[in-house]
There are 2 protein chains.
Amino acid sequence: MLKRQTKDFINIDPLQTGGRLTEEAKEALLEWGDGYSVCDFCTGRLDEIRNPPVYDFVHKDLPEFLGCDIARITTGAREGMFAVMNALAKKDTWIVMDGNAHYSSYVSAERAKLNVAEVPNTGYPEYLIKAEKFAEVIEETKKKGEVVLAMITYPDGNYGNLPDVKKIAEICESQDLPLLVNGAYAVGRMPLKLKEIGADFIVGSGHKSMASSGPIGVLGMKKEWEEIVLKRSSKHKNKEIELLGCTARGASLMTLMASFPAVKKRVEKWDEEVKKAREFASKMEELGIIQLGEKPHNHDLMFFEAKILYEISKKAKDGRFFLYKELKKRRIHGIKAGLTKHFKLSTYGLKQEEVDYVLQAFKEIIEAYAKT
Amino acid sequence: MLKRQTKDFINIDPLQTGGRLTEEAKEALLEWGDGYSVCDFCTGRLDEIRNPPVYDFVHKDLPEFLGCDIARITTGAREGMFAVMNALAKKDTWIVMDGNAHYSSYVSAERAKLNVAEVPNTGYPEYLIKAEKFAEVIEETKKKGEVVLAMITYPDGNYGNLPDVKKIAEICESQDLPLLVNGAYAVGRMPLKLKEIGADFIVGSGHKSMASSGPIGVLGMKKEWEEIVLKRSSKHKNKEIELLGCTARGASLMTLMASFPAVKKRVEKWDEEVKKAREFASKMEELGIIQLGEKPHNHDLMFFEAKILYEISKKAKDGRFFLYKELKKRRIHGIKAGLTKHFKLSTYGLKQEEVDYVLQAFKEIIEAYAKT
């Protein structure tokens with residue numbers, strides 16, 4: 001069998017910390033693993049299946065959790081973003097998005113043939129997206145053509161910054177511009193309700209932050225967008241065009257549903273996760289490894305600048321791969337091989353002893369190489 | 001836990017018979033179940049991961065298996081069709097597709113904003129798609145506007161008919177029109193090579209026909225289309241726009257890879273599957289249940305007309321649900337609840353004793369109700 005070498009490692013890759021399966025999801029995987037299993041019970045469309053209770057999940061649990069009117073399952077956050085963009089795009093129109101957006105936001109816009117205007121961040125060391133700048137870019141872009149959508153990444157996947165999304169939503173509303181929130185690193189980790197934000201659309205990622213087996217995501221929206229974004233086929237009257245009829249319809253959906261009760265609970269403990277992340281960052285700084293991005297930090301995803309490790313890499317036998325190898329030796333995974341000066345990591349869901357173990361590892365590595 | 005009631009039933013739903021996991025795939029599910037597991041080993045893009053050997057699978061095994069130059073992983077056959085259509089679509093252009101096409105072909109075309117012209121089948125009782133008719137519709141459609149793509153479903157998912165795809169490919173080539181083959185019910189069940197057909201694109205479905213956990217599919221194409229269909233982002237130079245960067249990147253991909261050696265082998269035994277299907281159909285006909293579609297039949301997916309069951313349903317206590325309930329009692333699943341007069345089923349991968357058991361069930365049911 002193809003083994004996953006990192007399976008029992010402490011994984012601090014922000015991509016992975018929120019996607020680890022619950023025990024319930026592991027059981028669901030095997031029970032529903034075959035092909036398209038859920039379709040055994042189909043009566044016409046995925047979200048209408050009553051048993052297993054996909055209908056209740058999509059039409060009751062998810063809208064409540066996301067704080068929205070209408071929700072759907074997608075094959076990932078990016079696919080949800082693309083669905084919204086493709087539904088709203090018209091010839092020669094624009095989208096305004098934050099400059100910290102995930103690459104897939106930009107690629108989704110290209111696929112939907114939208115022109116992209118980016119709101120720059122404030123640069124080193126905080127890389128913040130400011131609401132005022134957002135307003136400015138919207139205004140400038142409107143001079144170039146019709147703007148059909150704005151998008152904000154909350155938080156972004158590089159610095160873990162949480163911009164003032166309510167203020168950005170207000171700005172968009174005053175400009176009569178719908179706002180899409182990419183919550184791939186928020187939905188399933190922290191409390192977040194579309195209605196409280198005041199935005200129009202929200203996407204989340206099952207594999208990134210909802211303890212699910214990928215590819216799977218969620219899409220939420222205000223009722224007023226249902227007819228546009230979930231427009232139905234002219235020929236196949238029950239099928240929603242932007243979802244190509246049905247999306248994730250096997251084990252991935254069942255893991256999302258199986259983990260959901262635990263995910264709902266863990267979101268309530270978000271304060272503890274933030275506290276853990278801040279403590280971790282401050283201990284890293286004691287080692288000379290500086291946390292960039294918002295400070296004090298409000299998310300488990302953190303970006304670090306480690307000049308001290310970079311200096312070591314210049315002399316180390318394994319060069320820039322020394323850090324990866326040293327961490328691997330200690331069964332810690334998640335910092336990309338070859339990175340030393342700048343890297344991101346996440347403490348989400350780690351036990352205190354695991355956090356301590358990771359900190360101890362950094363300390364030992366620095367001390368060991370400082371001697372040589 | 002949410003149980004799958006039908007897990008240990010004999011499943012004759014054509015959606016499910018080719019998607020049942022191999023033992024290797026079941027192991028892979030648990031090993032790689034977490035979130036985005038495969039991304040632990042990412043160096044920039046899904047298909048470039050060397051360990052697990054995604055690179056070899058996508059760039060060597062799959063092209064060889066599909067008989068094409070370039071292959072990619074998608075989240076399903078429909079997503080592959082949409083990627084091709086969206087890449088080729090221009091304002092006010094057309095696609096010509098067979099009238100037996102799966103609904104998702106039509107919906108994909110609508111999503112790509114293509115106008116659709118359909119090639120009608122020959123109607124009752126065979127519902128064949130004729131190559132000459134295909135040529136005729138292409139010619140007519142060209143008078144209405146630019147045709148950018150033709151599509152043929154091989155076989156279709158209703159009758160299991162296998163049209164003369166080589167002849168259709170010749171016609172398209174002579175018209176300078178690229179041809180997309182929807183092989184969702186072929187790739188992984190029967191031998192099929194894009195180059196032997198002479199078409200331009202092929203899509204397959206992991207959950208339908210490659211013993212994989214959905215959502216997952218494959219896309220193959222001739223080299224000449226690479227730059228158009230796999231066009232890269234102007235900003236994120238390594239990311240393919242139509243794939244939104246990366247597609248299925250967790251357990252679903254690993255089940256596809258784990259089942260692949262077994263899938264390659266089973267394809268070689270296709271003749272046995274056809275023989276089994278034909279024998280089944282002939283025994284059904286002895287019971288008065290007539291196989292529609294191509295005859296003799298060349299695929300495990302078969303469509304039946306059962307006037308005798310329809311007559312029973314008019315008087316049965318459970319009405320039109322009697323058949324579903326009688327089969328369920330016998331632990332047979334796959335004919336939609338409420339259907340009696342027309343239904344499809346598949347004998348793919350069933351052992352001879354299971355085939356006999358299903359036939360015996362139909363016989364018993366008919367006899368039991370005939371008495372009353």
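# A guided reading of chains A and B

Guide: In chain A, helix H12 (residues 270–286) lies across E9 and E10, and its direction makes an angle of about 130 degrees with that of E9(A). This is a predicted model, in which local features need pLDDT of at least 70 and side-chain atom pairs count only at pLDDT 80 or more, while totals for chains, interfaces and linings use all residues. Residues are numbered from 1 along each chain as its sequence is written, and chains are lettered from A and ligands numbered from 1 in the order in which they are written.

Visitor: How do you know the angle between helix H12 and E9(A) of chain A?

Guide: Axes are lines fitted to C-alpha atoms, for helices over the stretch in contact, and angles run from 0 to 180 degrees between N-to-C directions. Helices (H or I, at least four residues) and strands (E, at least two) are DSSP runs numbered from the N terminus. On these terms, H12 runs at about 130 degrees to E9(A).

Visitor: What makes E9 and E12 of chain A edge strands?

Guide: Two strands pair if DSSP finds at least two bridges between them. The open sheet has 3 strands in the order E9-E10-E12 (chain A), with antiparallel pairing. Strand E9 (290–292) and strand E12 (342–346) each pair on one side only, and they are therefore the edge strands. From one strand to the next, the twist averages 40 degrees.

Visitor: How do you know that E10 and E12(A) pair?

Guide: Strand E10 (residues 301–305) of chain A and E12(A) are joined by 5 bridges and run antiparallel. The requirement of at least two bridges is therefore met. One of the bridge partnerships links A:Leu301 with A:Ser346 in E12(A).

Visitor: Why is strand E7 of chain B called largely enclosed?

Guide: A residue is buried if 20 or more other C-beta atoms lie within 10 Å of its own, exposed if 12 or fewer, and partly exposed in between, with C-beta atoms placed from the backbone. In strand E7 (residues 201–205) of chain B, 5 of the 5 residues are buried, so the rest of the structure largely encloses the strand. B:Phe201, B:Val203 and B:Ser205 cover one side and B:Ile202 and B:Gly204 the other.

Visitor: Which strands pair with E7(B), and in what sense?

Guide: Strand E6 (residues 179–182) of chain B runs parallel to E7(B), with 3 bridges between them. Strand E8 (residues 217–221) of chain B pairs with E7(B) in the antiparallel sense over 5 bridges. B:Ile202 has B:Val181 of E6(B) as a bridge partner, and B:Gly220 in E8(B) as another.

Visitor: What makes A:Lys113 and B:Leu244 notable in their backbone angles?

Guide: Most residues other than glycine have a negative phi, and most peptide bonds are trans. A:Lys113, however, has a positive phi of about 60 degrees, and B:Leu244 has a positive phi near 50 degrees. A:Lys113 lies in the loop between helix H5 (103–111) and E4 of chain A; B:Leu244 is in the loop between helix H10 (226–229) and helix H11 (251–267) of chain B.

Visitor: Are A:Lys113 and B:Leu244 buried or exposed?

Guide: With 17 other C-beta atoms within 10 Å, A:Lys113 falls between the two cut-offs and is therefore partly exposed. B:Leu244 has 25 such atoms and is therefore buried.

Visitor: Where are cis peptide bonds found?

Guide: One runs from A:Asn51 to A:Pro52, with omega near 5 degrees; another joins A:Tyr124 and A:Pro125, with omega about 0 degrees. A:Pro52 lies in the loop between helix H2 (23–31) and helix H3 (54–66) of chain A. A:Pro125 is in the loop between strand E4 (115–119) and helix H6 (131–144) of chain A.

Visitor: How do you know how many residues of chain A are in contact with chain B?

Guide: Two residues are in contact if their C-beta atoms, placed from the backbone, lie within 7 Å. On that criterion, 65 residues of chain A are in contact with 65 residues of chain B. The side of chain A that touches chain B has 23 nonpolar, 22 polar and 20 charged residues. Here Ala, Val, Leu, Ile, Met, Phe, Trp, Tyr, Cys and Pro count as nonpolar, Asp, Glu, Lys and Arg as charged, and the others, Gly among them, as polar.

Visitor: What makes the radius of gyration of chain A agree with that of a compact globule?

Guide: The radius is taken over C-alpha atoms, and the globule rule is 2.2 Å times the number of residues to the power 0.38. For 372 residues the rule gives a value near 21 Å, and chain A has 22 Å, so the two agree. The C-alpha trace of chain A spans about 70 × 55 × 35 Å along its principal axes, and buried residues make up 54% of the chain.
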